[in-house]
Amino acid sequence: MWSELFPAVLASCAVIFVPGYLMGRALGLSRSWSVCMAPLPSFGLIALAGILYGTLGVAAQPLTLLLPLSLLLAVLALLGRSFRLPDLPRIGWGMIALYLAMGLVATTFMFVRMLPSANAVMTGRDLAHHINSIRAFVSTQSFSSLRMGPYLLSQDLSVDPYALPGFYPAGWHAAVTLVVQMGVTEISVAINAVNVTISSFVWPLGTLVFLAWSFRGKRRPLAAGALATVSFMAFPWYFMKFGPIYPNLAGFSLVFPCVVAFMLLVEPAWKRPARLRALALFLVGGVALALTQPNAIFVAAVILVPYVAARIVSSGGVLRVLLHELPSGLVAALWVVACGLVWLALNRAPFMSDVVGFGLWGYRISPWEALVNVATLAYQAFFVPDLGQPLLALLVLLGLVWTLRNRRLRWMSVSYVAAAGIVFGNATMGGLAKQLLSGFWYSDPPRVAAVAALCAVPLAALGMDWVVTGVSRALGVRVGDGSHLTASALTSGTLAALAILVFYPGVRIPTFTFSAFPSSGRIETQVEQTRLQVQEAYSQYGFYTTRERAFARNCQKLIEAEGEADALVINNPFDGSAYAYGDAGMRVYFRELSEGIGADGGVEATVRARLDHVADDPEVRAAVNQLGARYVIRFEHLKEDKAYSMLWNYDHDLWKGIDSVNEGTPGFELVMRQGDMALYRISAT
């Protein structure tokens with residue numbers, strides 16, 4: 001597996017870090033800061049370039065897009081090397097190495113070791129859209145967010161049953177596409193490699209730069225942050241197996257560096273040249289969030305609104321409005337009210353209605369249960385089996401108390417309380433109240449939980465630092481920010497003990513007195529559950545099995561051998577064949593798990609409901625000829641996946657024409673069979 005995944009991860013690092021690093025240098029960031037901030041401008045620039053190239057009709061690939069962009073930024077970096085942004089806290093290379101090591105070890109433990117192979121996929125409704133759209137991007141050499149979808153080739157556009165493509169934030173998809181174009185043979189390997197890069201490097205380094213700026217480079221809490229960054233199961237680890245919501249994984253990982261870019265922009269001591277460069281970084285960062293996953297912008301708002309309010313209050317000045325002078329406290333209050341009105345306006349905007357009104361989850365529990373869940377970091381309990389992380393919750397509480405005693409960082413506790421309030425409201429409220437609080441994240445418990453986890457990371461780091469201080473005082477050792485050997489050893493030892501206590505309960509602990517699940521015979525903490533769920537999602541899925549993957553690939557080879565590589569294959573996507581285009585390159589007709597397309601008539605509805613009558617119904621035969629369809633593929637009988645519901649809104653009557661095709665159906669010729677799976681040639685056209 002490593003022989004496939006390792007080169008793909010290297011390619012992912014080149015895509016995600018090189019352009020952004022060069023832009024950071026061009027804007028005057030130090031080398032270490034440029035490394036930490038690099039993914040933010042990289043995602044923004046690649047997504048923008050994808051739109052530009054798509055509009056101009058220019059092929060987008062590493063040699064035509066990534067290389068010229070990097071060369072241009074390298075020239076700008078050389079021209080601007082005499083300028084340096086002032087007053088940036090120092091980020092040492094040792095600290096960068098610590099965060100990278102923690103990220104890589106945690107990703108290996110939580111994700112890579114759970115994969116059965118480098119090309120394992122986690123089936124889910126969203127994956128059909130993601131993997132098929134990436135295949136279309138690779139085939140057309142175009143990855144514009146303005147023209148996103150699984151039907152981009154000219155022959156596909158002419159038969160597209162979903163009225164796609166359209167706008168969809170494609171920043172993450174563009175990165176995966178470039179990795180595939182750099183020589184990674186399978187899209188599924190590239191997807192896993194990009195996600196490994198994000199969780200191992202992008203997320204930890206983005207958190208490092210945020211903590212370095214917030215803590216002003218103090219070493220102890222900064223070192224503790226390396227552990228805090230990877231300790232929360234709600235993010236990024238649960239995102240590796242839920243959904244799959246990979247664009248959200250990327251977007252949330254970019255929140256902290258984008259927040260830092262805004263903080264640099266509003267730094268009062270900076271002169272105009274520095275502020276303009278910070279503005280450029282923030283604008284590209286904003287584009288990165290908007291074109292990777294727009295709801296990440298609202299996570300940044302949860303962090304920044306209290307920060308700006310705190311900066312206004314700490315300024316102690318007054319604001320002149322006409323003939324009146326407003327004290328800083330009142331100005332801060334007006335700022336919060338204005339942000340609330342903007343939040344309300346966007347929440348009620350018509351273009352957001354499908355997002356904020358999304359009501360699939362039906363998730364609601366009692367206020368007491370929700371309060372206990374938030375207190376123990378079991379943010380999404382009763383949505384998924386979840387016992388929380390009580391030790392980490394205690395560290396967050398210590399950090400919360402610490403910030404309440406420290407005026408400069410008090411805004412962090414306000415951000416976390418706001419995020420926890422969103423989690424609480426999402427679990428206990430319904431209707432309009434739920435939409436207003438959590439609608440920007442689809443009122444989805446895992447996504448909302450991740451908002452709270454992000455805001456809790458700095459508090460956990462401060463809590464860990466407080467524990468180190470307490471242990472040192474108990475042992476009579478003075479722990480400062482210096483490099484005293486005894487103090488450093490004590491700090492490292494205490495953080496190592498905390499790491500064991502946070503992660504060790506992930507190992508199965510035999511018990512005779514208590515069990516999270518009556519039949520398990522062991523205590524399962526959230527760490528263990530998350531790892532097991534990752535393993536199940538990538539190896540025990542029942543919706544697109546390894547047998548079906550192999551059958552799809554064998555069928556595609558046979559179709560290509562018959563000289564019909566581009567032949568259209570009619571399918572029922574709900575039997576797992578929705579993934580066959582992205583995964584196997586088979587040009588299946590239905591590539592999305594949307595059950596209602598064509599229900600009101602048209603070629604799509606005719607094919608789905610009456611395909612088995614192609615030999616005796618001229619209308620069906622005309623529809624098949626209009627599409628140019630040559631084959632029909634049938635996977636195993638439709639079945640419900642215990643872990644991931646796919647058939648919750650499936651209507652058999654809409655697909656009975658495809659489902660009824662068998663070896664005895666007139667107008668079809670069996671080409672290949674394996675168990676319940678079969679490939680038929682349409683012979684009646």
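Leaving aside neighbours within four places in sequence, which residues is S200 in contact with? Contact here means heavy atoms within 4.5 Å, and the partners of S200 are Y99, L100, G103, L104 and T107. S200 itself sits in helix α9. With 0% relative accessibility, S200 counts as buried; the cut-offs are under 20% relative accessible area for buried, over 50% for exposed, and partly exposed in between (1.4 Å probe, protein chains only).

A word on the model before going on. This is a predicted model, where local features need pLDDT of at least 70 and side-chain atom pairs count only at pLDDT 80 or more, while totals for chains, interfaces and linings use all residues. Residues are numbered from 1 along each chain as its sequence is written, and side-chain values use heavy atoms, with hydrogens and water left out.

**The sheet**

Now for an open sheet: it has 4 strands in the order β5-β6-β8-β7, and the pairing is mixed. Strands pair if DSSP finds at least two bridges between them; helices (H or I, at least four residues) and strands (E, at least two) are DSSP runs, numbered from the N terminus. The edges belong to β5 (568-570) and β7 (668-674), each with a single partner strand, so one side of each has no neighbour in the sheet. On average, neighbouring strands of this sheet are turned by 25° against each other, direction ignored.

β7 and β8 (residues 677-682) run antiparallel and are joined by 6 bridges, with Q674 opposite M677 in β8. Helix α24 (residues 546-561) packs on this sheet and touches β5, β6 (629-634), β7 and β8. The direction of α24 makes about 135° with that of β7; axes are lines fitted to C-alpha atoms, for helices over the stretch in contact, and angles run from 0 to 180 degrees between N-to-C directions.

**Salt bridges**

How many salt bridges does a search of the whole structure find? It turns up 14, counting a side-chain nitrogen of Lys or Arg within 4 Å of a carboxyl oxygen of Asp or Glu. Here are some of them:

| Pair | N to O distance |
|---|---|
| R553 and E186 | 2.9 Å |
| D465 and R220 | 2.7 Å |
| R681 and E669 | 3.0 Å |

Take R553 and E186: R553 lies in helix α24 and E186 in the loop between α8 (171-181) and α9 (187-214), so the pair ties together parts 367 residues apart in sequence. R553 is partly exposed at 23% relative accessibility, whereas E186 is buried at 18%.

D465 and R220 also link distant parts of the chain, with D465 in helix α21 (residues 445-475) and R220 in helix α10 (residues 219-231), 245 residues apart. D465 is buried at 8% relative accessibility, and R220 is buried at 15%.

R681 in β8 and E669 in β7 are 12 residues apart in sequence. R681 is buried at 16%, but E669 is partly exposed at 39%. Through shared partners, salt bridges also join E186, R549, R553 and D583 into one network.

**A nonpolar patch**

On the surface, L72, V75, L76 and L79 make a nonpolar patch of about 400 Å². Patch residues have over 30% relative accessible area and no salt bridge, with nonpolar side chains (Val, Leu, Ile, Met, Phe, Trp, Tyr) joined within 5 Å and like charges within 9 Å. Accessible areas come from the Shrake-Rupley method with a 1.4 Å probe. V75 lies in helix α4 (residues 62-79) and is partly exposed, at 45% relative accessible area.
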